[in-house]
There are 4 protein chains.
Amino acid sequence: MPIRVGILGATGAVGQTFVDLLDGHPLFTITALAASERSAGKTYREAANWIGGNEIPDRVAEMMVQSCKPVLDCDFVFSGLDASVAGDIEGAFARAGYPVISNARNYRMEPDVPLLIPEVNPGHTALIGRQDWGGSGGFIVTNPNCSTVGLVMALKPLHDAFGVAAAHVVTLQALSGAGYPGVSSLDIMGNVIPHIGGEEAKMATETRKLLGTLTEAGVEPADVTISAQCNRVPVLDGHMECVSVRLKAPASAEEAANVMASFESPLAGMGLSTAPEFPIRVFEDERFPQPRRHAMAGGGMQVSVGKVRECPVLGVKFVVLSHNTIRGAAGGAILNAELLNAQGRLVRRTEAVAVE
Amino acid sequence: MPIRVGILGATGAVGQTFVDLLDGHPLFTITALAASERSAGKTYREAANWIGGNEIPDRVAEMMVQSCKPVLDCDFVFSGLDASVAGDIEGAFARAGYPVISNARNYRMEPDVPLLIPEVNPGHTALIGRQDWGGSGGFIVTNPNCSTVGLVMALKPLHDAFGVAAAHVVTLQALSGAGYPGVSSLDIMGNVIPHIGGEEAKMATETRKLLGTLTEAGVEPADVTISAQCNRVPVLDGHMECVSVRLKAPASAEEAANVMASFESPLAGMGLSTAPEFPIRVFEDERFPQPRRHAMAGGGMQVSVGKVRECPVLGVKFVVLSHNTIRGAAGGAILNAELLNAQGRLVRRTEAVAVE
Amino acid sequence: MPIRVGILGATGAVGQTFVDLLDGHPLFTITALAASERSAGKTYREAANWIGGNEIPDRVAEMMVQSCKPVLDCDFVFSGLDASVAGDIEGAFARAGYPVISNARNYRMEPDVPLLIPEVNPGHTALIGRQDWGGSGGFIVTNPNCSTVGLVMALKPLHDAFGVAAAHVVTLQALSGAGYPGVSSLDIMGNVIPHIGGEEAKMATETRKLLGTLTEAGVEPADVTISAQCNRVPVLDGHMECVSVRLKAPASAEEAANVMASFESPLAGMGLSTAPEFPIRVFEDERFPQPRRHAMAGGGMQVSVGKVRECPVLGVKFVVLSHNTIRGAAGGAILNAELLNAQGRLVRRTEAVAVE
Amino acid sequence: MPIRVGILGATGAVGQTFVDLLDGHPLFTITALAASERSAGKTYREAANWIGGNEIPDRVAEMMVQSCKPVLDCDFVFSGLDASVAGDIEGAFARAGYPVISNARNYRMEPDVPLLIPEVNPGHTALIGRQDWGGSGGFIVTNPNCSTVGLVMALKPLHDAFGVAAAHVVTLQALSGAGYPGVSSLDIMGNVIPHIGGEEAKMATETRKLLGTLTEAGVEPADVTISAQCNRVPVLDGHMECVSVRLKAPASAEEAANVMASFESPLAGMGLSTAPEFPIRVFEDERFPQPRRHAMAGGGMQVSVGKVRECPVLGVKFVVLSHNTIRGAAGGAILNAELLNAQGRLVRRTEAVAVE
């Protein structure tokens with residue numbers, strides 16, 4: 001029997017990506033769509049200004065959008081809510097007993113909340129047991145900011161092998177990272193904007209938590225110094241990042257490339273349907289990766305690395321590309337849910353639930 | 001009386017920019033246009049596939065294009081030649097007694113050839129006296145690669161004030177930097193290409209020479225470690241660069257910003273018409289500079305700096321923007337010529353010269 | 001003495017273009033800026049999210065923004081107001097005695113209100129005398145929609161010479177025509193949107209009024225059948241239009257081109273500073289006009305025509321390009337004001353006016 | 001047993017699309033790749049500057065590229081050759097007994113050569129029997145120009161139902177239509193080019209042949225007057241066309257839309273794997289179709305129609321979108337081959353063939 005999924009913020013850009021990616025999912029089936037009061041009571045087709053390349057799945061298009069309030073007829077919820085409302089709503093669902101797999105930033109840095117990339121820190125899900133939502137059994141799990149994911153996926157094997165002392169990253173981020181309508185075409189056509197509000201701080205704090213160590217007291221952040229300069233570029237999907245690292249145990253560029261190319265995912269063999277067969281691909285062609293050509297690799301879940309070279313200043317440098325709305329948002333959250341399910345943390349809710 | 005100018009490679013992208021920028025110049029007047037044999041014998045209007053936004057100046061449009069061989073009826077030549085032919089042709093003109101103000105890369109790193117940014121190293125023109133082109137009186141002066149200029153303009157005041165130990169730079173370079181037809185639209189539309197052949201090495205070696213010290217033995221390169229990652233982005237004009245520096249005498253971001261903002265050009269008061277009043281502008285608005293809005297500041301000759309902040313990894317970071325075909329190519333060469341003229345190094349050739 | 005100008009909707013995209021174009025205007029000087037209550041009481045620099053390539057003129061930047069209510073300390077007002085509020089506010093200013101030179105659509109089709117392109121129907125300003133705003137002496141004059149101007153400028157000489165029975169037009173319209181933030185980058189990057197709300201109807205009704213005949217009863221619309229298909233394309237400025245016409249007196253493509261190229265503006269010799277010397281330029285190069293290269297011709301006021309050829313279906317076809325925010329909005333309104341001033345219809349208001 | 005396919009011009013943009021689309025084809029398997037002498041003798045991976053979004057299929061990547069001369073080890077050839085060489089080479093293959101399914105323009109208007117869109121004029125393949133290539137059994141079949149296909153697919157049901165007297169078309173064509181490297185990014189970024197050499201004439205003559213009637217004397221062209229204005233726009237894939245038609249038997253827009261929406265393909269039930277289930281989709285949403293969203297409908301083989309409305313000048317107007325490198329080139333040729341195979345016109349060559 002499929003696990004029943006609700007989507008909070010279903011009409012927004014992230015919500016639409018959830019709907020698109022869950023179409024045909026072998027485990028999860030959408031049974032509830034929730035959005036703002038303005039959308040509630042309309043069909044999804046009416047309420048969502050659908051911007052995706054694919055069509056709205058027929059079954060979903062005719063579903064009625066509900067308010068973002070418990071109860072919803074589902075076993076857990078994905079949240080694509082805007083940060084301005086996610087705090088309250090996600091908390092309410094956790095208190096009502098729902099697992100909340102959230103893409104919002106609100107709870108990411110909470111001590112008891114896992115900030116999760118399944119290939120990087122699957123054990124951090126143990127934090128769930130420390131959450132207390134009034135004994136409801138609900139909990140919250142988050143995925144990182146879209147620009148953090150690619151960086152951390154590339155740093156993980158380096159950190160394991162050599163220790164990363166410092167990482168310097170300059171991003172070239174895609175438009176879809178800003179949501180919809182997001183960036184005005186008048187601002188970005190033929191232009192670069194060297195500023196994305198709040199992004200640089202998130203890349204630093206989230207990276208340290210993701211690479212951190214689970215202790216009695218919570219997650220001990222990794223001792224990695226991060227410096228980020230975030231830029232918006234006229235690209236639709238796919239965040240490029242130019243990364244230079246200072247390693248604790250010095251390594252050549254070739255050794256670094258090998259360690260990334262041979263990264264063994266802890267998910268191997270678990271049969272998670274969204275997990276890419278090869279989480280990291282290392283290109284030898286010096287022109288690659290490129291966002292328009294490689295963002296969709298592995299269904300948008302593979303991270304592409306290229307140009308691994310000596311950095312005269314910091315040691316080793318490379319570029320990394322990841323799909324910001326799939327690996328960096330909805331797809332990452334779905335993979336989180338698949339891991340939680342494999343760990344037995346998602347259960348079918350048996351109590352009667354009233355549909356709003 | 002105006003100084004008579006010849007343009008080598010007049011029909012190419014750089015050559016066209018020379019023609020455009022020299023229209024109405026108070027000192028220099030174009031009297032000779034030279035290009036490949038294919039163009040020779042045609043009017044400039046026929047020979048040049050004019051790509052500029054402005055029209056071809058009427059007077060120039062009807063001039064006859066000549067071969068790139070001495071003699072040309074002019075007092076000195078600008079060279080916008082492609083590197084594949086610039087070595088031989090520029091040498092031939094120098095041996096024939098012409099000052100050659102070149103944008104090509106061929107002679108930049110020659111010990112006796114000034115690699116010149118007038119605001120940065122005007123004294124390097126003393127190298128001219130060491131050149132020997134068979135006693136002809138000719139010489140060659142070069143300007144740096146388009147991506148080097150902005151970096152070095154920003155580093156110069158920091159280097160003078162604090163000493164730059166290392167600079168880490170990630171570029172977001174405009175399409176016009178690749179010439180015409182240059183980058184295929186199919187490659188770059190909605191995309192980023194993380195590779196520009198040869199560019200990264202040039203940024204390192206040229207920067208060290210530009211910031212170097214003139215000695216008896218030539219230019220002693222500055223002891224600055226450079227690491228560059230060069231990217232092509234879908235922007236028409238204006239190279240953005242994200243720079244992090246390690247300073248020898250530590251300075252705060254505010255001190256660094258002040259030093260750049262208060263940079264006093266050695267050209268001040270010399271009345272060079274192409275020299276921007278303020279060579280460096282430091283923005284406080286965190287969204288600026290942006291290539292489409294600020295590349296043309298100061299007629300394309302002002303360098304824009306913004307986002308000066310602490311860099312947790314290297315010390316101080318900022319972004320810098322400069323116009324790649326003006327400050328970074330033809331405009332830079334014209335400013336070089338204005339400086340040489342002010343130094344009395346450009347003289348009117350009085351011998352009779354036969355027009356080809 | 002300069003004529004004192006107020007700008008209604010000064011902080012919006014059209015208002016900003018007014019501010020930009022009026023900087024240094026020989027006749028008009030901005031003495032009042034008005035915008036929504038949210039902006040009132042702030043300096044213009046604070047209130048306007050300035051999006052132009054040029055900087056805010058210093059004098060204007062520090063002016064205080066007022067509410068859009070009479071009285072304002074000025075002799076007449078330009079209106080860059082959004083249609084949702086322009087009706088009431090412009091009416092209020094007319095009733096308070098101000099000439100209102102409006103870019104909004106609200107009053108364009110009113111029988112007593114001139115819809116004005118100075119080169120096309122300068123005599124329509126006679127309608128002003130028929131307006132009655134309670135004896136205030138105020139009046140309203142409008143300019144057409146940005147996509148109408150280029151079409152009508154090209155049709156005018158054809159209509160005079162041969163009579164235009166029908167015009168079929170397909171537009172490729174620039175992003176700035178939608179205002180700011182306007183079109184989302186996610187919608188238009190690498191895309192075409194074949195729909196612009198309300199645009200096609202405006203092109204038909206406005207064209208007929210502009211080419212119409214002034215009679216006792218108002219403007220008798222020209223008997224021209226118009227069919228428009230309006231598309232948005234990823235271009236910043238400059239509306240391209242592919243036009244085919246059926247002429248009443250058949251003419252060859254060459255004759256049509258000649259008639260457009262030799263169009264004599266009724267403004268010739270009047271010394272209007274915004275009027276382009278040649279209102280219409282006809283290109284022979286089959287690749288031209290192009291929006292990025294030619295939209296700014298004549299300071300954005302010249303209309304470019306090209307590819308004049310036989311149309312096997314309708315008779316003659318051509319493309320026409322005009323700058324949508326200059327000729328098609330603020331620049332057109334300024335030229336309207338210059339004409340009205342030359343006709344003696346703008347007078348210095350001598351009564352004391354209290355600044356809000 | 002699969003039918004063995006050779007690809008002429010395999011390394012070019014069209015050739016690459018053949019390789020991409022034939023990967024996994026149920027009937028056709030690539031057994032020979034041929035290109036210019038420069039490529040011959042290299043592996044396909046070395047010879048092709050692969051520009052596609054997908055990877056080169058592994059099996060093909062290691063195949064050796066041969067010269068474009070018979071014999072090749074295959075049962076028929078697809079030709080993606082440039083027109084400059086296609087005439088001679090395709091003729092040579094036909095004379096050597098190969099069916100040549102060509103995308104080049106050289107033979108399209110030859111009286112005995114079918115210009116074929118399977119849904120439009122499948123019976124025109126009867127012309128094959130009239131070709132004489134020295135008794136070799138070889139023949140040539142062509143598909144139309146990329147901008148013709150969408151137009152004719154939309155006109156076909158209208159022509160059948162009402163008769164099309166005249167069609168006026170303005171195109172907004174994608175960059176990939178110009179091949180690779182094709183259009184310079186400096187020419188088209190943020191721009192429109194109102195000229196595509198030779199395109200307008202092809203749209204007229206090809207449309208008349210495609211809608212024409214097979215007679216003893218060849219194809220009697222349809223009596224349809226065509227006027228085309230072709231524009232290049234900054235879109236990657238998908239030609240948009242704004243079409244207005246004058247019908248012989250007047251019809252309302254609704255009737256026209258119904259006729260297009262209910263078009264019954266003559267291929268229905270034939271099981272051709274490249275044939276889209278619904279060859280024409282008619283959108284009701286006035287914002288659609290759009291190239292970036294709908295070009296890939298039906299695997300790039302479905303033609304999208306929208307905005308069907310009355311045209312005040314010609315009767316009915318609409319927009320039509322088709323994928324220019326799939327439906328308009330390689331995909332169209334593959335569908336041609338599938339039809340020919342279903343008609344029994346492709347046979348396995350049993351003679352021994354020597355591989356070059």
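How many residues of chain C are in contact with chain B? In this predicted model, 4 residues of chain C are in contact with 4 residues of chain B. By class, the side of chain C that touches chain B comprises 1 nonpolar, 2 polar and 1 charged residues. Of the interface residues of chain C, 100% are also interface residues in chain B, so the copies meet through the same surface.

The relation between these two chains was examined by superposition. Chain C is brought onto chain B by a rotation of 180° with 0.0 Å of shift along the axis, at an RMSD of 0.0 Å. This is therefore the relation of a two-fold axis. The C-alpha of chain C nearest the axis belongs to Gly190(C) and lies 3.6 Å from it.

In chain A, strand β2 (residues 28-35) pairs with two other strands, β1(A) and β3(A). Strand β1 (residues 3-8) runs parallel to β2(A) and is joined to it by 6 bridges; within this pairing, Ile7(A) stands opposite Leu33(A). The connection from β1(A) to β2(A) passes through helix α1 (residues 13-22), and the resulting β-α-β crossover is right-handed. Strand β3 (residues 65-67) also pairs with β2(A) in the parallel sense, over 3 bridges, and here Ala35(A) stands opposite Ser67(A). Because 6 of the 8 residues of β2(A) are buried, this strand is largely enclosed by the rest of the structure.

Helix α1 (residues 13-22) was also examined in chain D, where 10 of its 10 residues are buried. Among them are Ala13(D), Val14(D) and Gly15(D) towards the start of the listed residues, together with Phe18(D), Asp20(D) and Leu22(D). The elements covering the buried residues of α1(D) include the strands β1 (3-8), β2 (28-35) and β4 (76-79), as well as the helices α3 (58-61) and α10 (326-342), of chain D. Following α1(D) is Gly24(D), which has a positive phi near 85°.

A further helix, α5 of chain B (residues 146-161), bends by about 30° at Leu155(B). A proline, Pro157(B), follows the bend position within four residues. Burial extends to 14 of the 16 residues of α5(B), so the helix is largely enclosed by the rest of the structure. Just after α5(B), a positive phi of about 80° is taken by Gly163(B).

Technical notes
Residues numbered from 1 in each chain as written. Chains lettered and ligands numbered in written order. Predicted model: local features only at pLDDT ≥ 70, side-chain atom pairs only at ≥ 80, totals over all residues. Least-squares fit on C-alpha atoms with pLDDT ≥ 70 in both. Contact = placed C-beta atoms within 7 Å. Nonpolar A, V, L, I, M, F, W, Y, C, P; charged D, E, K, R; others polar. Buried ≥ 20, exposed ≤ 12 C-beta atoms within 10 Å, placed from the backbone. Pairing = 2+ DSSP bridges. Right-handed = clockwise from strand over helix to strand, strands pointing away. Bend = angle between axes of the 7 residues up to and from the residue.
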